[in-house]
Amino acid sequence: MQNLGIDVIFQGKNFQRLFEGLLVTAEIAFISIIIGSILGIIIGLSRTTKSKAILFINRIYLEAFRIIPTLVWLFIFYFGVTTALNINLSGEIVSIIVFSLWGAAEMGDIVRGALQSLPKHQIESGKALGLNYFQLYWYVLIPQAIRRMIPGTINLATRMIKTTSLVVLIGVIDVVKIGQQIIETSRFEFPTASFGVYGFIFFLYFIICYPLSQISKNLENKWNK
Amino acid sequence: MDKNNNPVLLEIQDVHKEFDDKEILKGINLSLHTGEVLVVLGPSGCGKSTLLRCLNGLETIQGGDIKFKDMSFTEKKANWQEIHEKIGMVFQNYELFPHMTVIENILLGPLKVQKRNKAEALAQAEQLLDRVGLLDRKDSYPRQLSGGQKQRIAIVRALCMNPEIILFDEVTASLDPEMVREVLEVILGLAKQGMTMVIVTHEMGFAQSVADRIIFMDEGKICEESEPNEFFTNPKTERAKHFLNIFQF
């Protein structure tokens, strides 16, 4: 029977190297998700204002990240911005910047949508109790908005994790790149390595993303009780 | 007992309200005395709910003035927090906060706005809940309650702020008929205790029994102002007669 290339993973330090690559992927993704979420909440709150200028700037920002592919943003920052400003940024740092900005743009839209979907009566009810602006948001609107944000946020987080596979193209050695290196170096010894290695990477992405879906599901169940 | 001799708590002077150039309130004059129960009646769209919303500052007014004691609503530095605290409101759609339990809903205002002592506020909340027969539901979430229960909780929530006036905006309008009574009885109980209230309702029998004075509004104006018995048996204006006829089959 044809060897499925599973055993190549356990050759030498391959297993350990794949995990190190996974750590790079996870690090870029999670730092970006955290920064993106914090910025996104601020952006989302600012988008409930009536100020036309703030809304316009936010609109341009969001559309820019929606329209221009993430890969192009990575190139703009890695090759463009660094040469224009004559600074030196590592691929990891550029990845974190771009993914954070992307996350913030999308998160801002999720927060805005959740806040605006709340019934208007909730605001009036809070005001009628004498809550000030801050208290109204903190005790009444944000807790309800968070419940509505969970599905969109988890979806965004998994998309960000998956899209980190693009960072290979600006020279970051992530889990996919290490997979490629392993396949290339063992081409003669293990001709079917690509199946085993990519299959294993598939499994690694799965073990990062699946718990997120589960957390989201559990939270939704808990709040719907 | 004539409550007209009591001190004036809320003074409404020539109030005008516009939405997009459409005038909803066309000069309302009214004074509310301490302990008085005022019922506002009128056809849909006559401006009665808008008037009520102006009375606790949810809507801004374009002309005239509203004064609660000596606090003017039109002053630039109007103390809205104190006005909201002293003038409670219960809405048609029992807007409890869905992510909080009954007791958390009730205590939010007293603890966060009024910064009261927790034990003391809790004791009052429990006593009020007991009075409306819902003490056993204090840890329930709003979605676990019936409409009538939610509305009674909303009344308790307003009461627990120790307001001097409570505004009721068609509080039974979205309830199933069999739940209307339990809510109206709570309001009737408050009237007996001397709570000052302004009530907008379509329940005519209730209006007649709870009101000290009836205000009949139409097209943004007060058409008629009279004692409840007189209003229901012998309305002065044609419009009021027409309005009352709608309720008789």
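**Exercise 1. In this predicted model, find how the side chains of E106(A) and R159(A) meet, and say how buried or exposed each residue is.**

Solution.
- Step 1: Look at the charged atoms. The side chains of E106(A) and R159(A) form a salt bridge, with 3.2 Å from N to O.
- Step 2: Place the partners. E106(A) sits in helix α4 of chain A and R159(A) in helix α6 (residues 133–163), so this pair links distant parts of the chain, 53 residues apart.
- Step 3: Check accessibility. Buried means under 20% relative accessible area, so E106(A), at 12%, counts as buried. R159(A) has 31% and is partly exposed.

**Exercise 2. Which residue forms a salt bridge with D109(A), and which parts of chain A does the pair tie together?**

Solution.
- Step 1: The partner is R47(A), and the closest N and O atoms are 3.0 Å apart.
- Step 2: D109(A) belongs to helix α4 (residues 91–117), while R47(A) lies in the loop between α1 (14–46) and α2 (52–67), so the salt bridge ties together parts of chain A that are 62 residues apart in sequence.
- Step 3: Both D109(A) and R47(A) are buried.

**Exercise 3. Now turn to chain B: place R152(B) and E182(B) in their helices and work out how buried or exposed each one is.**

Solution.
- Step 1: The two side chains meet in a salt bridge at 2.9 Å, N to O.
- Step 2: R152(B) is in helix α5 (residues 147–159) and E182(B) in helix α6 (residues 177–192) of chain B, so parts 30 residues apart in sequence are tied together.
- Step 3: R152(B) counts as buried at 11% relative accessibility, whereas E182(B), at 25%, is partly exposed.
- Step 4: Back in chain A, salt bridges with shared partners join R47(A), R66(A), D109(A) and R112(A) into one network. Over all chains, the structure holds 19 salt bridges.

**Exercise 4. Describe the interface of chain A and chain B: how many residues does each chain bring, and what area is buried?**

Solution.
- Step 1: Chain A brings 19 residues to the contact and chain B brings 22 residues.
- Step 2: About 1,800 Å² is buried between the chains, and carbon and sulfur atoms give 57% of that area.
- Step 3: One salt bridge is found across the interface. E124(A) pairs with R53(B), with the closest N and O atoms 2.5 Å apart.
- Step 4: Nine residue pairs are in polar contact between the two chains.
- Step 5: On the side of chain A that touches chain B, α5 (120–128), α6 and α8 (193–224) each supply at least two residues. Helix α5(A) gives the most, with seven residues.
- Step 6: That side of chain A divides into seven nonpolar, eight polar and four charged residues.

Definitions and conventions
Residues are numbered from 1 along each chain as its sequence is written. Chains are lettered from A and ligands numbered from 1 in the order in which they are written. This is a predicted model: local features need pLDDT of at least 70, side-chain atom pairs count only at pLDDT 80 or more; totals for chains, interfaces and linings use all residues. Side-chain values use heavy atoms; hydrogens and water are left out. A salt bridge is a side-chain nitrogen of Lys or Arg within 4 Å of a carboxyl oxygen of Asp or Glu. Helices (H or I, at least four residues) and strands (E, at least two) are DSSP runs, numbered from the N terminus. Buried means under 20% relative accessible area, exposed over 50%, partly exposed in between (1.4 Å probe, protein chains only). Contact means heavy atoms within 4.5 Å. Buried area is the accessible area (1.4 Å probe) that two parts lose on being put together, summed over both. A polar contact is a pair of N or O atoms within 3.5 Å; within protein, one must be able to donate a hydrogen and the other to accept it, and residues adjacent in sequence count only if both atoms are side-chain atoms. Ala, Val, Leu, Ile, Met, Phe, Trp, Tyr, Cys and Pro count as nonpolar, Asp, Glu, Lys and Arg as charged, and the others, Gly among them, as polar.
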